[in-house]
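Open the model in your viewer and keep the selection tool at hand. The stops below go from one pair of side chains to the next and end at a sheet.

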Amino acid sequence: MFAAYAARIAPDDPLSGLELGERPEPEARPGWSVVTVKAASLNHHDLWSLRGVGLPAEKLPMILGCDAAGVDEDGNEVVLHSVIGQTGHGVGPKEPRSILTEHYQGSFAEKVAVPTWNLLPKPAGLSFEQAACLPTAWLTAYRMLFTNAGVKPGDTVLVQGAGGGVATALIVLGKAAGLRVWATSRDEAKGARAVELGADAWFPSGARLPERVDAVMETVGAATWSHSIKSLRPGGTLVISGATSGPNPPAAELTRIFFLELKVVGSTMGTKEELAGLLSFCQTAGVRPVIDSVLPLAEAREGFARMEKGDVFGKIVLTP
């Protein structure tokens with residue numbers, strides 16, 4: 001079957017390790033299902049995999065891709081929950097939790113195998129392309145906002161770095177939930193699009209805000225860390241789920257954190273139950289993922305290159 005896969009680890013030039021070509025089809029095994037992929041979406045996790053983060057060389061070649069929507073062996077339209085081993089379903093009792101492409105072949109292919117427990121029904125109101133955007137970036141945003149941020153309707157939330165998949169999800173979900181959403185961006189066009197999506201205002205990266213906020217959603221990392229901390233009201237919460245600009249900020253802001261009793265909460269992906277909640281929210285509230293573009297799987301390299309440059313607004317979707 002045709003697939004996009006990591007053939008080599010290249011920390012400084014990740015795209016040099018990306019190959020497109022034939023790979024073996026997944027084999028059926030007890031407790032697992034083979035899904036015919038209709039759509040899959042790109043994540044920064046895929047670039048990090050090509051750099052060797054979470055993907056050791058001995059696991060190569062590895063088909064990339066965490067997210068997918070498709071059809072199972074019984075003809076059911078399904079969405080994949082890409083965290084394998086969360087409850088032991090389909091894996092050994094001592095196997096640690098992992099994400100697709102860390103230990104198991106991913107979804108940038110014509111077919112993918114996952115534990116049957118990891119499949120959820122695709123809502124009829126969502127296209128395969130829309131559903132494929134949800135299991136990583138949108139689930140991450142859902143957990144950040146509704147599980148870890150401790151916010152309620154009417155609170156003000158700052159989303160750092162408008163444009164990426166998680167950031168756009170945070171804006172759409174936050175607005176639909178009755179939050180006042182502010183966003184930052186280095187790019188005026190992306191800031192304007194954030195407002196079109198539902199953000200109440202956008203500000204240049206690092207700009208002083210009109211007032212401090214109840215929570216900050218942080219995925220950028222080192223470049224925005226100090227601004228995030230300084231933007232919080234006393235007792236406010238910073239939820240961090242990524243560090244695309246690097247993990248080591250120039251200042252940790254420890255004095256401000258303890259003096260103002262700020263909360264810093266790490267957030268990673270989400271549970272199958274949270275993904276079910278997200279799917280239901282999208283169906284009932286009319287929320288739809290923001291799709292930057294849809295590319296054939298054969299053009300995956302173009303999608304990877306655009307994501308690496310930050311030349312996206314929303315999710316890039318690949319269709320086999």
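Select Arg306 and Asp311. In this predicted model, their side chains form a salt bridge, with the closest N and O atoms 3.8 Å apart. Is Arg306 buried or partly exposed? Arg306 counts as buried because its relative accessibility is 19%, and the cut-off for buried is under 20%. Asp311, at a relative accessible area of 46%, is partly exposed. Now add Asp292 to the selection: salt bridges with shared partners join Asp292, Arg306 and Asp311 into one network.

Next, select Arg143 and Glu274. This is another salt bridge, and here the closest N and O atoms are 2.9 Å apart. Colour helix α3 (residues 134–148) and helix α8 (residues 272–285): Arg143 lies in α3 and Glu274 in α8, so the salt bridge ties together parts that are 131 residues apart in sequence. Show the surface around the two side chains. Arg143 is partly exposed, at 21% relative accessibility, while Glu274 is buried, with a relative accessible area of 11%.

Move on to Lys111 and Glu25. Their side chains meet in a salt bridge of 3.5 Å, N to O. Which parts of the chain does this pair link? Lys111 sits in strand β9 (residues 111–115), and Glu25 sits in the loop between β2 and β3 (32–41); these are distant parts of the chain, 86 residues apart. Lys111 is partly exposed at 29% relative accessibility, and Glu25 is partly exposed with a relative accessible area of 45%. The structure holds 11 salt bridges, including the pairs visited here. In general, side chains of opposite charge can pair when their charged atoms come close.

For the last stop, hide the side chains and switch to a cartoon view. Select β2, β1 and β4: these three strands form an open sheet in the order β2-β1-β4, with antiparallel pairing. The edge strands, each pairing on one side only, are β2 (18–22) and β4 (62–63). Strand β1 (residues 2–6) pairs with β4 over two bridges, in the antiparallel sense. To find one bridge, select Tyr5 and look across to β4, where Ile63 is its bridge partner.

Finally, add helix α9 (residues 300–309). What does this helix touch? Helix α9 packs on the sheet and touches β1 and β2, and its direction makes about 160° with that of β2.

Terms used. Residues numbered from 1 in each chain as written. Predicted model: local features only at pLDDT ≥ 70, side-chain atom pairs only at ≥ 80, totals over all residues. Heavy atoms only, no water. Pairing = 2+ DSSP bridges. Helix = DSSP H or I, 4+ residues; strand = E, 2+ residues; numbered from the N terminus. Contact = heavy atoms within 4.5 Å. Axes fitted to C-alpha atoms, helices over the stretch in contact; angles between N-to-C directions. Salt bridge = Lys/Arg side-chain N within 4 Å of Asp/Glu carboxyl O. Buried < 20%, exposed > 50% of the residue type's maximum accessible area, 1.4 Å probe, protein only.
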